[in-house]
Amino acid sequence: MDTERTTAPIKSVRASSRKPLQRLSPAIVEQVERLLGGRTRDIRFNGELAQLFRERSWPRTAKIIRAWMVWVIVLDVLTLGLNAILLPTGTVMSMLWPASILPPAALVAAIAFLRPHALWVQGVFILSAVFLILLSVALVGVNTGGEFYERHLTIMLFVAVTAIMIFPVPLGWAMAIGAAALGIYLVFQLRNPDIEAGSALAGTLFFASGVAATVVARRTATIFAQKTFLLELRDRSRLAELTDANSQLELLARTDPLTGVANRRSMMETLHHFWNEDLKRTNSAAMLMCDVDDFKRLNDNLGHAEGDRCLVKVAGIIQSSMRDERDQVARYGGEEFLVFLPGPDEQEARVVAERIRSRVEAASLPNPTSRVGPWVTVSIGIAILMENSELVSAEHMQRQADAALYLAKKTGRNCVVVHAAEVGQAFG
């Protein structure tokens, strides 16, 4: 029953350490190592890893898309304004209605990317917006005719190429943008009265090679971005492992390996912190020095394995007898345990000590050669620092608790003795 309570100090030590980084799932770690171990060009994301990459890259992706959409709106308005100054009114009017398609399409896409959506929703918004933007640019030239016809189709292809290069989007989206641009170009060039169908096809094939090269470049940039992300994940995983290992080392350094309660070093740090930081606010403290009676006889009679089991059980009983998490217990050496109670009065310290003593006795752990009885018992010495009393050091209080423990042993064991004003009084 009581041995389960020995895990409490471990939790308190861990809580005092820096919170470790959230560890990646084993499946993700395995996938990261596998992808980094292969060829860079073979990197492909799917499942949870793809989701992590989208979440990681979303802010940058959304910012780029919004900026590009604003850029095409500004460019459309400026171009239309400049044409209004330089070109005849009839020509400008023929440009006006197709040019008006672009701003709302780009604006809706920019607004859509102000916050995350499902991937398919993002795809619908961006592909629809880009298609309408490309169609708008193409229709300006087609509707105006003459020298503007082919010029605006070429500008439309340039706009598509910039979108493919700049947007850090899935390869399928980039290919869809390229296909839409080439499709619009081919359809309108086939309807161009100034060129033949063969020339339209030849021009489309020429520009298709450029668009294809741009898509490949976009894919290469995406692969390098994904590889960088994989390296970040691997570093994160290794850092989490290192942090966890350091936490375990710190835990081992502060914990008694047998009983699981804090060790002497940890208790010294607790006392040092209290005397330097908390004593002025708390104004009182108590130390309980607990010692297992006739422990050497138990070891000699029942063996060291039974002695270790006894210490584990006693440590659990002491830990379970604390008032709350502020109280600390440490294995101070051999069969001795030091309990530190911040802020109690003398009565509270007595209650805790007697609770420890009575529970150990009630546990009926065997010690057949003990001079007290057939069961394991403990003797406890108490030192108390009361409010408005003379301030003493932690070391001095330990000596007082040791002196009270010595008197408890001398008095007959299995009892509690308070140092100072009531030295010599025992009960239990």
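D300 and K296 sit together in helix α11 (residues 295-302), four residues apart, which is about one turn of the helix. In this predicted model, their side chains meet in a salt bridge, with 2.9 Å from N to O. Both partners are in the open: D300 is exposed, and K296 is exposed too. The spacing has a simple background: an α-helix has 3.6 residues a turn, so residues three or four places apart point the same way.

A second pair follows this pattern in another helix. R350 and E346 both belong to helix α13, again four residues apart and about one turn of the helix from each other. Their closest N and O atoms are 3.3 Å apart, and the two residues form a salt bridge. The surroundings of the two partners can be given separately: R350 is buried, with a relative accessible area of 12%, whereas E346 is partly exposed, with a relative accessible area of 25%.

Helix α13 itself can be followed from end to end. It covers residues 346-362, and its 17 residues should span 24 Å at 1.5 Å a residue; the C-alpha atoms at its ends are 24 Å apart, in agreement with that expectation. At the start of the helix, a side-chain oxygen of D345 comes to within 3.2 Å of the backbone nitrogen of Q347. Along α13, the buried residues are A349, R350, V352, A353, E354, I356, R357 and V360. Just after the helix, S364 takes a positive phi of about 55 degrees. S364 is found in the loop between α13 and β4 (378-385), and at 33% relative accessibility it counts as partly exposed.

S364 is not a glycine, despite its positive phi. Most residues other than glycine have a negative phi. D294 is likewise a residue that is not a glycine but has a positive phi, here of about 50 degrees. Its place is in the loop between β1 (285-292) and α11. With a relative accessibility of 9%, D294 counts as buried.

Returning to the charged side chains, the structure holds 18 salt bridges in total. One of them joins D256 and R331, whose closest N and O atoms are 3.4 Å apart. D256 lies in the loop between α9 (197-254) and α10 (264-282), while R331 lies in strand β2 (residues 328-333), so this pair ties together parts of the chain that are 75 residues apart in sequence. Both ends of the bridge are shielded: D256 is buried, with a relative accessible area of 9%, and R331 is buried as well, with a relative accessible area of 18%. Salt bridges also link R254, R265 and E269 in a network.

The cysteines give a plain result, with a count of zero disulfides. The sulfur of C310 is 13 Å from the closest cysteine sulfur, that of C290, which is too far for a bond, given that a disulfide requires two cysteine sulfur atoms within 2.5 Å. C415 is also in no disulfide, and the nearest cysteine sulfur, again in C290, is 12 Å away. C310 is buried, with a relative accessible area of 4%, and C415 is buried, with a relative accessible area of 5%.

Turning to the pockets, the largest one has a volume of about 830 Å³. It is lined by 33 residues, and those closest to its centre are F53, R54, S57, T61 and P168. The elements that give two or more residues to this lining are α3 (47-86), α6 (119-144), α8 (171-190) and α9. Among these contributors, α3 gives the most, with eleven residues.

A final detail concerns A394, placed in helix α14 (residues 394-411). A394 is buried, with a relative accessible area of 8%. Its C-alpha atom is separated by 69 Å from that of V70, and the two residues are 324 residues apart along the chain.

Methods:
Residues are numbered from 1 along each chain as its sequence is written. This is a predicted model: local features need pLDDT of at least 70, side-chain atom pairs count only at pLDDT 80 or more; totals for chains, interfaces and linings use all residues. Side-chain values use heavy atoms; hydrogens and water are left out. Buried means under 20% relative accessible area, exposed over 50%, partly exposed in between (1.4 Å probe, protein chains only). The expected span of a helix is 1.5 Å times one less than its number of residues. A polar contact is a pair of N or O atoms within 3.5 Å; within protein, one must be able to donate a hydrogen and the other to accept it, and residues adjacent in sequence count only if both atoms are side-chain atoms. A salt bridge is a side-chain nitrogen of Lys or Arg within 4 Å of a carboxyl oxygen of Asp or Glu. On a 1 Å grid over the protein atoms alone, a cavity is a set of points where a 1.4 Å probe fits but cannot get out, and a pocket is an open set with protein on both sides within 12 Å along at least five of seven lines; lining residues have an atom within 4 Å of a point. Grid points are joined across faces, edges and corners, and a volume is the space filled by probe spheres set on the points.
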